[in-house]
Amino acid sequence: MTADFHLPRAIVIAVTAGLASLTSGANAAGPADGASRPESPSVTPARSCNFGAFVAETDPAGLNVREAPSTAAKVLGKLPPTFVEPTMNYGVRVEVEITGVREGWFLIRNARDNADLTGRPARPMYSGRGWVSGSKLTVKSQADAGRARPAPAAAVHLRVGDGETFDGDSFIEAGRLSDCQGEWAQVEFTDQRFPAQERAALKVEPAARAGLPLGRFRVWVGRLCGIQETSCS
């Protein structure tokens, strides 16, 4: 015959409290600030996207990557600002992969430095999944026309010149991401960010400026290239 065995109530309470403390400590602990964390964003993207982009951040404090598409959401980590080569004075941006979008916020992953361009060891940064504002992202496109919709047969709303594409430094600097769909990106350009000579050569349809502040226009571009240093073709 087996007798029932009961621990004294005080011991049960102590053990339970100890386990709760360990669990709380494990949840609170994590990698050092700026390192990758296992958390996943809590909001599903409105649309899925798939292309490479660059972080357009100049603040030395870096760019916050958030758990949800909101400035009030938890910060998962940071991405460093554009690296400026001290002697040649050229910039190298952090590279990211875009996987989704929701209301002007973009879901990113695999953030990384381009050590071949910086000539320095890669900087520590958050490289997991998270959300950043499109106002801090830009793209490089080898398209020669900006379109009204994300389709190759859509109406042309932007041209630069005969055979010229949008992969030059001025287009990368002047544009910021506003939306995406699949392998297409909608880019909002600011006139004043273009050098005066290039600004004069832009052929922008009025429809591309509709509903936007003065001096801005939006177009959809394909043929996106996630490589900073060379052509993707």
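Val101 stands opposite Phe106 in β7. That pairing is a good way into this predicted model. β7 covers residues 105-112, and six bridges join this strand to β6. The two strands run antiparallel. Between β6 and β7 lie two residues, and the strands form a hairpin. Glu103 sits in the turn and has a positive phi of about 50°.

Strand β6 spans residues 95-102 and is mostly covered. Of its eight residues, six are buried. β6 also pairs with β1, which holds residues 47-55. Again there are six bridges, and β1 and β6 run antiparallel. One position fixes the register for the eye: Ser48 has Gly100 in β6 as its bridge partner. So much for the strands around β6; now step back to the whole chain.

The chain has four helices and 15 strands. It counts 233 residues, and 41% of them are buried. Take the contacts between residues at least 6 apart in sequence: 66% of these join residues at least 24 apart. The accessible surface comes to about 12800 Å². Carbon and sulfur atoms account for 52% of that surface.

Next, the charged pairs. The structure holds 10 salt bridges. Return to strand β1 for one of them. There the side chain of Arg47 meets that of Asp179 in a salt bridge, at 2.4 Å from N to O. Arg47 lies in β1 and Asp179 in β12 (residues 175-181), so the pair ties together parts 132 residues apart in sequence. The two partners differ in cover. Arg47 has a relative accessible area of 32% and is therefore partly exposed. Asp179 has 17% and is buried, because the cut-off for buried is under 20%.

A second salt bridge joins Asp113 and Arg123. Their closest N and O atoms are 2.8 Å apart. Asp113 is in the loop between β7 and α2 (115-118), while Arg123 is in the loop between α2 and β8 (130-133). The two residues are 10 apart in the chain. Asp113 counts as buried because its relative accessibility is 12%. Arg123, at 23%, counts as partly exposed.

A third salt bridge brings together the side chains of Arg209 and Asp191, at 2.9 Å from N to O. Both ends lie in loops. Arg209 is in the loop between β14 (203-204) and β15 (216-221), and Asp191 is in the loop between β13 (184-190) and α4 (196-201), so the pair ties together parts 18 residues apart in sequence. Arg209 is partly exposed, with a relative accessible area of 30%. Asp191 is buried, with a relative accessible area of 12%. Some salt bridges share partners: Arg93, Glu173 and Arg176 are joined in this way into one network.

Now for a charged residue without such a partner. Lys140 lies in the loop between β9 (137-138) and β10 (146-147). Lys140 is buried yet has no salt bridge. Which side chain of opposite charge is nearest to Lys140? That is Asp167, and the gap is 5.4 Å. A salt bridge requires the nitrogen to be within 4 Å of a carboxyl oxygen, so Asp167 does not qualify as a partner for Lys140. What does the side chain of Lys140 reach? The backbone oxygen of Ile227, at 2.9 Å.

The surroundings of Lys140 can be traced residue by residue. Residues up to four places away in sequence are left out here. Lys140 touches Phe54, Asp167 and Ile172. Its contacts also include Arg223, Leu224, Cys225, Ile227, Gln228, Thr230 and Ser231. Phe54 falls within the range of strand β1, residues 47-55, and is among the residues that Lys140 touches.

End with a residue on the outside. Thr71 is found in the loop between β2 (63-66) and β3 (75-79). Is Thr71 buried or exposed? Thr71 counts as exposed, because its relative accessibility is 62% and the cut-off for exposed is over 50%. Leaving aside neighbours within four places in sequence, Thr71 is in contact with Arg66 and Trp105. Trp105 leads back to β7, the strand of residues 105-112. Thr71 can also be placed against Ser133. In sequence these two are 62 residues apart; in space, their C-alpha atoms are 8.8 Å apart.

Definitions and conventions. Residues are numbered from 1 along each chain as its sequence is written. This is a predicted model: local features need pLDDT of at least 70, side-chain atom pairs count only at pLDDT 80 or more; totals for chains, interfaces and linings use all residues. Side-chain values use heavy atoms; hydrogens and water are left out. Buried means under 20% relative accessible area, exposed over 50%, partly exposed in between (1.4 Å probe, protein chains only). Contact means heavy atoms within 4.5 Å. Accessible areas come from the Shrake-Rupley method with a 1.4 Å probe; for residues, only the protein chains shown count as cover. Two strands pair if DSSP finds at least two bridges between them. Lys and Arg count as positive and Asp and Glu as negative; His and the chain ends are not counted. A polar contact is a pair of N or O atoms within 3.5 Å; within protein, one must be able to donate a hydrogen and the other to accept it, and residues adjacent in sequence count only if both atoms are side-chain atoms.
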